[in-house]
Amino acid sequence: MQCDIVSARKTVYSGEAKLIVAPGAAGELGITPRHAPLMTTLLPGAVRVIEPDGKEVPVLIGGGIIEVMPHMVTVLADSAARAHDFDESAARRAKERAQRVIDGTGGASEGMDIAEAKIMLKDTIEQLRALDRWRKQVEHRK
Amino acid sequence: MAGGKEITTKIRSIENTRKVTSALEMVSASKIRKSQDLMAETRPYAKMIRRVMGHLSKARPEYRHPFTMGREQTNKVGYIIVSTDRGLCGGLNTNLFKMILADMAEWKSKGADVSAVTLGKKASAFFKNIKVDIAAHASDLGEKPQIEDLIGSIKVMLDAYRKEEIDLVYIVYNRFENTMSQKPVLEQLLPLPETDDDEVQDIWDYIYEPDAETLLDTVITRYIEADVYHAVLENLASEHAARMIAMKNATENAGELIDELTLVFNKARQAAITQEISEIVGGAAAV
């Protein structure tokens, strides 16, 4: 089964896989070849790709979308965690910047607001947790 | 010696300017490469999301997302304007703004209102000056723009479209054709232009988690974000190319000016010497 993992900036992984484990929005997903077509959003965490020779490749993502076709899996990864309130706060700040342009008070200070900080924290924790899980598994196998 | 000193000062000052412009030229030349690499890096994502969008439109023909449906009447037009943060890049921004102004004038004559989201300081300064409504703004994107910095501004436009405050969204940027030419382009972002592959072979559908609408919305939003991000990168490459050409011209002009002034200086010096000699000869003859 062909597996492609891309983020906005690069192709993270592209190759054959016999099993893909991904953090789906409604729970962990295990995808084997000939899976029914499925599409879901992904949570921040690790996508684990098991190659035909049993080698495991973990890919950390900050959320995204996974598209499963019988012989093809595509992961569109976001480079950072995204959530409704994060997008809201980003939009609000863009509007504020516009207002500053109009008022002519172009201050350079643009602090991070709480929603954003929360998301970044959540993102980091999730990625660390995923890394930890993977590390434990590697140790376990030794 | 008439004005000898003044001319040497002038030559020296132009030489300094030439140093600056040729340095800027070389900096831009190296940055073009980097921004082109960045553009190439975003290509896989764009390709994949287009593939997913294609699958989606085939899988679910009966559900139509608001972003794919055109409005009967256009009351307000939104522009996402991609410009540079810095100047000294020739007519890059000016040409872009001219095109936008022509398009805005056309819509205004049809009775539609306009609104803009500006990316880059040059656009915000210009459109503020001519009193165009600026809905959102982002600048200081730097040499490696991050998609996260654009999300907010894009969302403002998408929300306005969803609420039917805006009926048409354009994106305007400079497309990087090659180092010598950059072309201002105006593309329709919303409603999404029709896809040409309309023959649905067999009816099938995905399993959606949580549901089709939410997912379609996410995918389309990501698609539009990727589109805008790509436009920002194109504009960045154009900026460096335009700046390189502008600085190259400036360096050449400075060289020509220096040559001319050196000629004037030499003539003045020669005239002074000739005058001195003739004075001495004249004086000796008088004695």
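**Figure 1. B:Arg243 and B:Glu239 meet through their side chains in a salt bridge, 2.9 Å from N to O.** This is a predicted model, like every view that follows. The two residues sit four apart in helix H5 of chain B, so about one helical turn separates them. What about cover: are B:Arg243 and B:Glu239 buried or exposed? Both of them are buried.

**Figure 2. B:Lys155, B:Asp159, B:Arg162 and B:Asp217 are joined into one network by salt bridges that share partners.** Let's zoom in on one pair here: B:Asp217 bridges to B:Arg162, with 3.2 Å between the closest N and O atoms. That contact ties together distant parts of the chain, since B:Asp217 belongs to helix H5 of chain B and B:Arg162 to helix H4 of chain B, 55 residues apart. B:Asp217 has a relative accessible area of 23%, so it is partly exposed. B:Arg162 comes in at 34% and is partly exposed as well.

**Figure 3. B:Glu106 and B:Lys110 form a salt bridge.** Here the closest N and O atoms are 4.0 Å apart. How exposed are the partners? B:Glu106 is partly exposed, because its relative accessibility is 45%. B:Lys110, at 56%, counts as exposed. As a general reminder, side chains of opposite charge can pair when their charged atoms come close. For the wider tally, a search over all chains of the whole structure turns up 14 salt bridges.

**Figure 4. Strands S1 and S2 of chain B run parallel and are joined by seven bridges.** S1(B) covers residues 76-82, and S2(B) covers residues 113-119. Which residue of S2(B) stands opposite B:Val77? That would be B:Val114. Why is S1(B) described as largely enclosed by the rest of the structure? Because six of its seven residues are buried. When looking along any such element, keep in mind that side chains in a regular strand alternate between the two faces of the sheet.

**Figure 5. B:Val156 is a buried residue of chain B.** Its home is helix H4, residues 148-162. The relative accessible area of B:Val156 is just 8%, which is why it counts as buried; the cut-off is under 20%. Now pick out B:Val117: its C-alpha atom is 8.3 Å from that of B:Val156, although the two residues are 39 apart along the chain.

**Figure 6. B:Glu252, B:Glu256, B:Asp259 and B:Glu260 gather on the surface as a patch of negative charge.** Take B:Asp259 as one of the group: this residue is found in helix H5 of chain B, which spans residues 212-286. With 55% relative accessibility, B:Asp259 counts as exposed, because the cut-off for that class is over 50%.

**Figure 7. B:Ile273, B:Ile277 and B:Val281 make a nonpolar patch on the surface.** The patch amounts to about 260 Å². B:Ile273, one of its members, lies in helix H5 of chain B. How accessible is B:Ile273? Its relative accessibility is 37%, so B:Ile273 counts as partly exposed.

**Figure 8. Chain A has two helices and seven strands.** Follow the sequence of chain A and the pattern reads β-β-β-β-β-β-β-α-α. What share of chain A is buried? Buried residues account for 49% of the 142 residues in this chain.

Note on methods:
Residues numbered from 1 in each chain as written. Chains lettered and ligands numbered in written order. Predicted model: local features only at pLDDT ≥ 70, side-chain atom pairs only at ≥ 80, totals over all residues. Heavy atoms only, no water. Patch = residues over 30% accessible without salt bridge, like charges linked within 9 Å, V, L, I, M, F, W, Y side chains within 5 Å. Areas by Shrake-Rupley, 256 points an atom, 1.4 Å probe, with all protein chains shown as cover. Lys, Arg positive; Asp, Glu negative; His and termini not counted. Charge placed at Lys NZ, Arg CZ, Asp CG, Glu CD. Buried < 20%, exposed > 50% of the residue type's maximum accessible area, 1.4 Å probe, protein only. Pairing = 2+ DSSP bridges.
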